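I opened my notebook to look up a few things in this model. I will start inside and work outwards.

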Amino acid sequence: MKQLSIIDLSGAVVVVALLALAPVLLNSNYFTGVLTVCVIYAIWAASWDFMSGLTGRENFGHSLFIGAGAYTAGFLATAWYANPWYSLPTAVVVAVAFSLIVGFPTLRLRGPYFALAMLSASAIMQRLCLIFWEYSGGEEGLYGLDPLIQSPLHYYWFVLAILVAAVAILTALAQSHWGLLLRAIRGDEATCQAAGINVTFYKIASLTISAAFAGLGGALYAHYQLQVSPPLFSVVVSITVIIMVYVGGIGSIYGPALGAIMLTLLTELLRSFGEYRLWVYTLTLMLILFFLPNGLIAPLWRRLTERFR
Amino acid sequence: MLEILIYGAVSSAIYAMLAVGFTLIFGVARILNLAHGAFYALGAYAAYVFTGLLHWPLFIAAPLAVLFVALFGVLMERFLVRPLRYSQLAVLMITLSVSLAVEQGLFITFGSEYRNVPSFVAEKISIGGVDIGGQRLLALIAGVLVLLLLWLFIQRTRLGAAILAVSQDPEAAQYMGIPTNRIFSVVMAISAGTAALAGVLVSPFLTVQPTMGLLPMVKAFAIVIVGGLGSIPGSILAALLLGYSETIVAYLISSSWTELVSLVAVVTTLMIKPSGLLGRRAAF
């Protein structure tokens, strides 16, 4: 098993330090907000990568967990007026519950059932939010959430700390015996089963971990936007996350996180393109699929640091 | 009672048209086409452009719309999907990005507001005391006809036999001299064409807007999973089941609950009989 090398660790320290200092140096509330969104997307992308990147079971409805976490935060704030800090653990629990409901019937099976079921589940949740508008606020969603931390800069640092913790935990899991098993499942599921590995258990467990971080990210997003709305469940959110993972390099966890940050910053630059933005995204994805099937960031980092290892 | 019978048949026919194309391209080429809903939306918009904007007569506009989408599907398969067929995930990603690109393209060209397509058949027809729009009846009849023709085509023609052969074993079919890649193109054209026809037929009585493809595609997934991935009779059977149970739920409870029907159907199928009603073994 590959151990974390000094060069990887120092690279991580430099990137985190840059991210932590950037808002202080630029000193603009707008930019701090953009960075907060970047970091939340990075949590989503890293969590997607842990399940789907390692086991190769592509999840086309990650927004189901993101939306579940965000709406949990929304309900806690608007229906029960709970302390905003309760929403983080509750969002994790709800997202995990959702992952078990979808994971149990679909992950036992091979083939494309999981991808289809996740896509359908998130699309149907979005419809349900509109249909049961009396409870979910319909098109406008729920608003009036309280911020977790008043100062935007401090909140940014808090979210960044969660990202660092998430990437560290997920990387540690991916480097462990457990991650090796997940990668083995991606390689050949039948052989793993024949070797006596409970394949279904590992797939479902990795989905719950992935969902837990996605739900946490959803709640963080809700407390940043101070409102939640049905587009959080949309396929567009899922596909955005998947594109970020692809750009970062699937299966590497740190790559997708950086890919998310890079692409979100790029999106800000493209803001003037307005409705053409998604086209740019789609085009990026097509180009990457054809020319860089292994992604951009993680392979680049490996190539750059090859000689120091 | 009769109302449920007729309206259920109409929505079943439309679901069946969507699901059969989706299951056909999966069964033959192993392409899980997430752009299937985009074909449906493109068909509806083509009908809108030809009849609503250009005022062409129906018998020209409808076939042209179907042909246009079929061509689009063939080009997509040839240039975007085929180079990536080595990986199932890459195929999923590319078809999904095509569907997003189409949705955004429609949004940019036509805006997000609802578009109206003039009715092809204006009269209302009364069957046993139930008034039903002629347009819905047309959709039902056309749907049944198309499925029947498709069945005859696959069972009775040489090309149909080739399609069957490829679906059973692409490699062996190639050894027998069947041009597999050309078969994929044909099947893609049929699949895209039936989805587009469904879009054309529903365009006068459903709302035409850029995101209209997503939910029918989710329904098509549900039907295909319930019927068995790759099985045409299975998806027709499941389309009838889903079409009728949605209509019954809409009449007995409320139309907002219909979305749940497909979700419940998928979850129960996957729990009890994951291969679907008529699993992959009985391919056609």
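**Entry 1: the nonpolar core.** I am working with a predicted model. I looked up the largest nonpolar core, and it has 194 residues. Which residues have the most contacts inside it? I noted Ala42(A), Ala45(A), Ala95(A), Ala257(A) and Ala196(B). Then I checked which element gives the largest share of this core. That is helix α1 of chain B, residues 2-29, with 17 residues.

**Entry 2: one core residue.** I picked Ala45(A) and listed its contacts, leaving out residues up to four places away in sequence. Ala45(A) touches Val241(A), Met244(A), Val245(A) and Gly248(A). Pro256(A), Ala257(A), Gly259(A) and Ala260(A) are also touched by Ala45(A). I had met Ala257(A) already, among the core residues with the most contacts.

**Entry 3: chain A as a whole.** I counted elements next. Chain A has 14 helices and two strands. I asked what radius of gyration chain A has. It is 19 Å, and a compact globule of 309 residues would have one near 19 Å, so the two agree. Along the principal axes, the C-alpha atoms of chain A fill a box of roughly 50 × 50 × 35 Å. Of its 309 residues, 49% count as buried. I also looked at contacts in chain A between residues at least 6 apart in sequence. Of these, 80% join residues at least 24 apart.

**Entry 4: where the chains touch.** How many residues does each chain bring to the contact? I found 29 from chain B and 26 from chain A. On the side of chain B that touches chain A, the elements giving two or more residues are α4 (88-110), α9 (214-227) and α11 (258-272) of chain B. The largest share comes from α4(B), with 12 residues. I sorted the residues of this side by type: 25 are nonpolar, three polar and one charged.

**Entry 5: a glycine in chain B.** I ended with Gly276(B), which lies in the segment after α11 of chain B. Is Gly276(B) buried or exposed? Gly276(B) counts as buried, because it has 23 C-beta neighbours inside 10 Å, and the cut-off for buried is 20 or more. I then compared sequence and space. Gly276(B) and Val224(B) are 52 residues apart in sequence, yet 8.0 Å apart in space, C-alpha to C-alpha. Beyond four places in sequence, Gly276(B) touches residues including Ile225(B), Val226(B), Gly227(B) and Gly228(B). Thr269(B) is also among its contacts.

Technical notes: Residues numbered from 1 in each chain as written. Chains lettered and ligands numbered in written order. Predicted model: local features only at pLDDT ≥ 70, side-chain atom pairs only at ≥ 80, totals over all residues. Helix = DSSP H or I, 4+ residues; strand = E, 2+ residues; numbered from the N terminus. Rg over C-alpha atoms; globule rule 2.2 N^0.38 Å. Buried ≥ 20, exposed ≤ 12 C-beta atoms within 10 Å, placed from the backbone. Contact = placed C-beta atoms within 7 Å. Nonpolar A, V, L, I, M, F, W, Y, C, P; charged D, E, K, R; others polar. Core = buried A, V, L, I, M, F, W, Y, C linked by C-beta atoms within 7 Å.
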